[in-house]
Amino acid sequence: KRRGVSQEVDGYAAEILHEAQRVASIVRNLLAFARQAGEPYAEVRVRDVVDATLSLISAMFHKEGIRISLDVPDDLCWVRCHPQQIQQVLMNVLLNAHDALQERYPDAVDTHTDKVILVQGHRLRRDAAAWARLTVEDHGTGIAQELQDKVFDPFCTTKTDRPGAGLGLSIAHGIIAEHGGVISMESELGRWTRFHIDLPAC
């Protein structure tokens, strides 16, 4: 009986340690995110930037029944960037995907197979140079054709009830341009949206 109690305590201790490590990781990423101003460029793995971003928001997404389907190879490539700025861009795109899914499936908590965000990464070539591409895809509300050419313009938004809405993607566009990269979007109203973030590889 005493051995059973000991095993149960060990199980609780392991679970507490795991959660403490998870919270510590979130805090480290939040502090790094807050220190982004003035940080020098660094060479980082694309997968590390993705993991750091998801650690900040995956719990909230899970609570709302949104699954993350992650397909970004560990060895995708390295990029030279301000890591926290790229994290900011990815965070913005993921939150937009979240909003689109919540709008389309407000009551579909853990029930709808399409309530998922796909995060994919692969290599591509531009002008004979190696690049990394991150794609974020959702099957939410989509974006109307008349807005698709304007999504990166300041104050272009479908969220008219939200103060400050319409700046996130324009800031993201500026950040990626400063890194010598390209951010683009394709969408079909009522069906899906994909954002592509392309960055030159080291």
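Trainee: Before we start, what does buried mean here?
Mentor: Buried means under 20% relative accessible area. The model is a predicted one.

Trainee: Okay, helix H5 then. Which residues in H5 are buried?
Mentor: Leu169, Ser170, Ala172, Ile175 and Ile176 are buried in H5.

Trainee: And what do the buried residues of H5 pack against?
Mentor: They pack against helix H3 (83-104), strand E6 (182-188) and E7.

Trainee: What comes just after H5?
Mentor: Gly180 is found there, with a positive phi of about 75°.

Trainee: On to the core. Which residues touch the most other members of the largest nonpolar core?
Mentor: Val46, Leu94, Ile117, Ile183 and Ile197 do, in a core of 39 residues.

Trainee: Which elements give two or more residues to this core?
Mentor: H2, strand E3 (78-81), H3, strand E4 (116-126), E5, H5, E6 and E7 do. The largest share is that of H3, with eight residues.

Trainee: You named Ile197. What does Ile197 touch?
Mentor: Leaving aside residues up to four places away in sequence, Ile197 touches Val89, Leu90, Val93, Ala132, Arg133, Leu134, Ile176, Val182 and Ile183.

Trainee: Arg133 is on that list. What does Arg133 form a salt bridge with?
Mentor: Its partner is Asp198, and the closest N and O atoms are 2.7 Å apart. Asp198 lies in strand E7 and Arg133 in strand E5 (residues 129-138), so the bridge ties together parts that are 65 residues apart in sequence.

Trainee: Is that pair buried or exposed?
Mentor: Asp198 is buried, at 0% relative accessible area. Arg133 also counts as buried, at 18%.

Trainee: Do salt bridges share partners, and if so, which residues are joined into one network?
Mentor: Arg47, Asp51 and Asp74 are joined into one network by salt bridges that share partners.

Trainee: How many salt bridges does the structure hold?
Mentor: The structure holds eight. One of them is between Arg47 and Asp51, with the closest N and O atoms 2.8 Å apart.

Trainee: Where do Arg47 and Asp51 lie?
Mentor: Both lie in helix H2 (residues 46-63), four residues apart, which is about one turn of the helix. In general, an α-helix has 3.6 residues a turn, so residues three or four places apart point the same way.

Trainee: Buried or exposed, those two?
Mentor: Arg47 counts as buried at 19% relative accessibility. Asp51 is partly exposed, with a relative accessible area of 32%.

Trainee: What about Arg45, which side chain does that one meet?
Mentor: Arg45 meets Asp48 in a salt bridge, at 2.7 Å from N to O. Arg45 is partly exposed at 24% relative accessible area, and Asp48 is partly exposed at 37%.

Trainee: Switching to rings. How many aromatic pairs does the structure hold?
Mentor: The structure holds one aromatic pair. The partners are Phe152 and Phe195, with ring centres 6.2 Å apart and planes at 85°, so the pair is edge-to-face.

Trainee: Where do Phe152 and Phe195 lie?
Mentor: Phe152 is in the loop between helix H4 (145-148) and helix H5 (168-178), while Phe195 is in strand E7 (residues 192-200), so the pair ties together parts 43 residues apart in sequence. Phe152 is buried, with a relative accessible area of 18%, and Phe195 counts as buried at 6%.

Trainee: What else is in the loop between H4 and H5?
Mentor: Asp153 is found there. Asp153 is partly exposed, at 37% relative accessible area. The C-alpha atoms of Asp153 and Ile171 are separated by 9.2 Å, with their places 18 residues apart along the chain.

Trainee: Which charged residues sit over a Trp ring?
Mentor: The charged end of Arg126 sits over the ring of Trp131, 5.0 Å from its centre. Arg194 lies over the face of Trp192, at 4.1 Å from the ring centre.

Trainee: Last topic, cysteines. How many disulfides are found?
Mentor: A search of the whole structure finds zero. For Cys77, the nearest cysteine sulfur is that of Cys202, 7.6 Å away. A disulfide needs the two sulfur atoms within 2.5 Å.

Trainee: And what is the nearest cysteine sulfur to Cys81?
Mentor: Again that of Cys202, at 7.9 Å, and Cys81 is in no disulfide. Cys77 counts as buried at 9% relative accessibility, and Cys81 counts as buried at 0%.

Note on methods:
Residues are numbered from 1 along each chain as its sequence is written. This is a predicted model: local features need pLDDT of at least 70, side-chain atom pairs count only at pLDDT 80 or more; totals for chains, interfaces and linings use all residues. Side-chain values use heavy atoms; hydrogens and water are left out. Rings of Phe, Tyr and Trp (its six-membered ring) pair if their centres lie within 6.5 Å; planes under 30 degrees apart count as stacked, over 60 as edge-to-face and the rest as tilted. Buried means under 20% relative accessible area, exposed over 50%, partly exposed in between (1.4 Å probe, protein chains only). A charge sits over a ring if NZ of Lys or CZ of Arg is within 6 Å of the ring centre and within 35 degrees of the ring normal. A salt bridge is a side-chain nitrogen of Lys or Arg within 4 Å of a carboxyl oxygen of Asp or Glu. Contact means heavy atoms within 4.5 Å. A nonpolar core is a set of buried Ala, Val, Leu, Ile, Met, Phe, Trp, Tyr and Cys residues joined through side-chain atoms within 4.5 Å.
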